[in-house]
Amino acid sequence: MPCHTPIIVALDFADAADALALADQLNPSQCRVKVGKELFTSSGPAVVDALQAKGFEVFLDLKFHDIPNTTASAVRAAAELGVWMVNVHAGGGRRMMEACREVLDRRSGARPLLTAVTVLTSMEQEDLQEVGMDIEPMVQVQRLARLTQDCGLDGVVCSAREAKALRSALGDDFLLVTPGIRPAEASADDQKRIVTPRQGLDNGSSYLVIGRPITRAEQPAQALQAIIASLAE
Ligand SMILES: O=c1ccn([C@@H]2O[C@H](COP(=O)(O)O)[C@@H](O)[C@H]2O)c(=O)[nH]1
């Protein structure tokens, strides 16, 4: 059954058993799921297969960032897993992103959506400065999003704080995948550029990536329902 909400639940767990137990409390018509570095490193492609067998569309969030040949080969391997979305770091540059898009263009069957991370939602201006980037997150995100669109990718990962500006600059067809989503009363944890689910949608986000506010809730299914309800308020 296709998913009817923009929510992607980040399954950041140490092993497949915990991730699959959480997934069993969710309904694939109400959310997609995200497999990131921790879960994929511990459990590998088998956990992706298991989630897909349960009916979930899977965002493989490994944020590839390497030379063009290596990154494109990794994207091809992700496509072979049948995932719904895969991503790279836009900071890998034009030749890297174009190589990834080309490897997917050459595929005959279904291909995953390909997105690029702009500036991590855990970073603010001081963090950028410390790594030699004397620039506001918003400006750097806009720069990398324009480059990503120019390279023919499907969209970017950014904060929903930047979504309004990106939506008006880059149009309605470009995907804005936004982590750093926090219901009003929730802890920010290590996130810096946070936005509520409803505000994210109002700003033009295509997908809301939400982890701990759902997965660490006492009742994850209820937490998801409350967020879905908040989108309609
Ligand atoms: O800029 C980014 C890119 C990816 N993420 C990932 O999203 C989830 C967010 O989880 P929360 O528990 O809701 O904070 C997590 O898997 C990150 O790796 C991101 O947060 N920011």
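A residue is called buried when its relative accessible area is under 20%, exposed when that area is over 50%, and partly exposed in between. By that rule Arg-182, at 4% relative accessibility, counts as buried, although the same side chain forms a salt bridge with Asp-189, the closest N and O atoms being 3.0 Å apart. The structure described here is a predicted model, and in its chain of 233 residues the buried ones make up 52%.

**Overall fold**

- The chain contains 11 helices and eight strands, and its C-alpha trace spans about 45 × 40 × 30 Å along the principal axes.
- The radius of gyration of the chain is 17 Å, which agrees with the value near 17 Å that a compact globule of 233 residues would have.

**Salt bridges between separate parts of the chain**

- The count of salt bridges comes to 15, and the pairs described below are among them.
- Arg-32 and Glu-57 meet through their side chains in a salt bridge, with an N to O distance of 2.7 Å. Because Arg-32 lies in strand E2 (residues 32-35) and Glu-57 in the loop between helix H3 (45-53) and E3, this pair ties together parts that are 25 residues apart in sequence.
- The two partners of that bridge are covered to unlike degrees, since Arg-32 counts as buried at 9% relative accessibility, whereas Glu-57 is partly exposed with a relative accessible area of 32%.
- Lys-192 forms a salt bridge with Glu-124, and the closest N and O atoms of this pair are 4.0 Å apart. Lys-192 lies in the loop between E7 and H9, while Glu-124 lies in the loop between strand E5 (113-117) and helix H6 (125-130), so the pair ties together parts that are 68 residues apart in sequence.
- In this second pair Lys-192 counts as partly exposed at 41% relative accessibility, and Glu-124 is also partly exposed, with a relative accessible area of 29%.
- A network of salt bridges links Arg-101, Asp-105, Arg-111 and Asp-154.

**Asp-189 and Lys-63: positive phi values**

- Asp-189, the partner of Arg-182 in the salt bridge, is located in the loop between strand E7 (175-178) and helix H9 (197-203).
- The backbone at Asp-189 has a positive phi of about 55°, although this residue is not a glycine; with a relative accessible area of 39%, Asp-189 is partly exposed.
- Lys-63 is another residue other than glycine with a positive phi, here near 45°, and Lys-63 belongs to strand E3 (residues 58-64).

**A negative patch on the surface**

- Asp-12, Asp-15, Asp-18 and Glu-38 form a negative surface patch.
- Within this patch, Asp-15 sits in the loop between strand E1 (7-10) and helix H1 (16-23). Its relative accessible area is 32%, and Asp-15 is therefore partly exposed, as the value falls between the cut-offs of 20% and 50%.

**Buried residues in loops**

- Trp-84 occupies the loop between helix H4 (68-80) and strand E4 (85-89), and this tryptophan is buried, with a relative accessible area of 12%.
- Trp-84 and Val-58 are 26 residues apart in sequence, yet their C-alpha atoms are 5.3 Å apart in space.
- Gly-36 lies in the loop between E2 and helix H2 (37-43), where this glycine is buried with a relative accessible area of 1%.
- Between Gly-36 and Gln-219, which are 183 residues apart along the chain, the C-alpha atoms are separated by 22 Å.

**The end of the chain**

- Glu-233 is found in the segment after helix H11 (220-231), and at 71% relative accessibility Glu-233 counts as exposed, because its value lies over the 50% cut-off.
- From Glu-233 to Ala-19 the separation is 214 residues in sequence and 30 Å in space, taken from C-alpha to C-alpha.

Notes:
Residues are numbered from 1 along each chain as its sequence is written. This is a predicted model: local features need pLDDT of at least 70, side-chain atom pairs count only at pLDDT 80 or more; totals for chains, interfaces and linings use all residues. Side-chain values use heavy atoms; hydrogens and water are left out. Patches are made of residues with over 30% relative accessible area and no salt bridge: like charges are joined within 9 Å, nonpolar side chains (Val, Leu, Ile, Met, Phe, Trp, Tyr) within 5 Å. Accessible areas come from the Shrake-Rupley method with a 1.4 Å probe; for residues, only the protein chains shown count as cover. Lys and Arg count as positive and Asp and Glu as negative; His and the chain ends are not counted. The place of a charge is taken as NZ of Lys, CZ of Arg, CG of Asp or CD of Glu. Helices (H or I, at least four residues) and strands (E, at least two) are DSSP runs, numbered from the N terminus. Buried means under 20% relative accessible area, exposed over 50%, partly exposed in between (1.4 Å probe, protein chains only). The radius of gyration is taken over C-alpha atoms; the globule rule is 2.2 Å times the number of residues to the power 0.38.
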